[in-house]
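Open your viewer, switch to a cartoon view and keep the selection box handy. We will go stop by stop, and each stop tells you what to pick and what to look for.

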Amino acid sequence: WVQIPSSLLLLALSGRLMLRRWPLTATGALASIAMVGLLTTQGPWIVFWSGIIGFCTAFILILTLALPPMLVDAAHVHSVSAAVFAIGYLCAVVTPVLGGFAWDLTGVPWSAFAPAGSFGIVIVALSLGLRLQ
C-alpha cells in the first residue's frame, strides 16, 4: 500500500524528480532518520516511522529502477537493469542476515536494525557521486 502513493507522486512529479540527485539524497536521509525514530519511540509512533520507511524505500526503488533506461545506451539497458535487480535482491537477502549476525554478536536487539539503517546513509553517499546527465 505504501508503494501506491509514492508511485503516484513520482508519476505526477516525474519531470522534476528524475535525473536529479536530491530525491535520492532526501529519501535516503529520511529513511535513516525514520529508522532512528522507529528504534527510539513507542506505540503509534512505530507505525508512523514504519510508514515513512516504507514510503522512502518504495520511492528509492522506483527511482533506481527508472535510472538504467535514462542513463545508458539502449543496447545496454537490459544488462544494467538486470544488474540493478541483482544488487537490490542481494541487499534484500544479505541485510536481514547481517542484522541477525549483529544481534547475535552484540546481544543488543536494536543492533539488528543497524544494517538496514545504514543503507540510507549508503544511498546518500552513492547519490552524491552520481553523474546524472
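In which helix is the place of R16? Select R16 and you land in helix α2, residues 14–17. Keep in mind throughout that this is a predicted model. Show the side chain of R16: this residue is exposed, with a relative accessible area of 61%. Now add I62 to the selection and draw a distance between the two C-alpha atoms. R16 and I62 are 46 residues apart in sequence, and their C-alpha atoms lie 14 Å apart in space.

**The whole chain**

Zoom out for an overview. The protein has six helices and zero strands, so to speak an α-α-α-α-α-α run from the N terminus on. The C-alpha trace spans about 50 × 30 × 25 Å along its principal axes. Of the 133 residues, 27% count as buried. Taking contacts with a separation of 6 or more, 67% are between residues 24 or more positions apart.

**Stop one: α3 and α4**

Select residues 22–40 for helix α3 and residues 44–71 for helix α4, and give each a colour. Their axes are 9 Å apart and meet at an angle of about 155°. An angle over 145° counts as roughly antiparallel, and α3 and α4 are therefore roughly antiparallel to each other. The crossing of α3 past α4 is left-handed.

Next, show side chains where the two helices touch. On the α3 side, pick P23, L24, T27, G28, L30, A31, A34, M35, G37 and L38. On the α4 side, pick I46, W49, S50, I52, I53, C56, F59, I60, L63 and T64. Colour this contact by class and you should find 15 nonpolar, five polar and no charged residues.

**Stop two: α4 and α5**

Keep α4 on screen and add helix α5, residues 77–106. Here the packing angle is about 160° and the axes are 8 Å apart, which makes α4 roughly antiparallel to α5. This crossing is right-handed.

For the side chains, select T64, L65, P68 and P69 in α4, then V77, V80, S81, V84 and F85 in α5. T64 is already familiar from the contact with α3. By class, the contact of α4 with α5 has seven nonpolar, two polar and no charged residues.

**Stop three: α5 and α6**

Hide α4 and bring in helix α6, residues 114–128. The axes of α5 and α6 are 7 Å apart, at an angle of about 130°, and that makes α5 oblique to α6. Select C91, T95, L98 and G99 in α5 together with P115, A116 and F119 in α6 to see where they meet. This contact has five nonpolar, two polar and no charged residues.

**Last stop: the cysteines**

Two cysteines have turned up along the way, C56 in the contact of α3 with α4 and C91 in the contact of α5 with α6. A disulfide is a covalent bond between the sulfur atoms of two cysteines. How many disulfides does the structure hold? It holds zero. Select C91 and C56 and draw a line between their sulfurs: the distance is 17 Å, too far for a bond. Finally, turn on a surface to look at their surroundings. C56 is buried, with a relative accessible area of 0%, whereas C91 is partly exposed at 26%.

Methods:
Residues numbered from 1 in each chain as written. Predicted model: local features only at pLDDT ≥ 70, side-chain atom pairs only at ≥ 80, totals over all residues. Heavy atoms only, no water. Axes fitted to C-alpha atoms, helices over the stretch in contact; angles between N-to-C directions. Helix = DSSP H or I, 4+ residues; strand = E, 2+ residues; numbered from the N terminus. Parallel < 35°, antiparallel > 145°, perpendicular 65-115°, else oblique. Left-handed = near helix turned anticlockwise from the far one by under 90°. Contact = heavy atoms within 4.5 Å. Nonpolar A, V, L, I, M, F, W, Y, C, P; charged D, E, K, R; others polar. Disulfide = S-S within 2.5 Å. Buried < 20%, exposed > 50% of the residue type's maximum accessible area, 1.4 Å probe, protein only.
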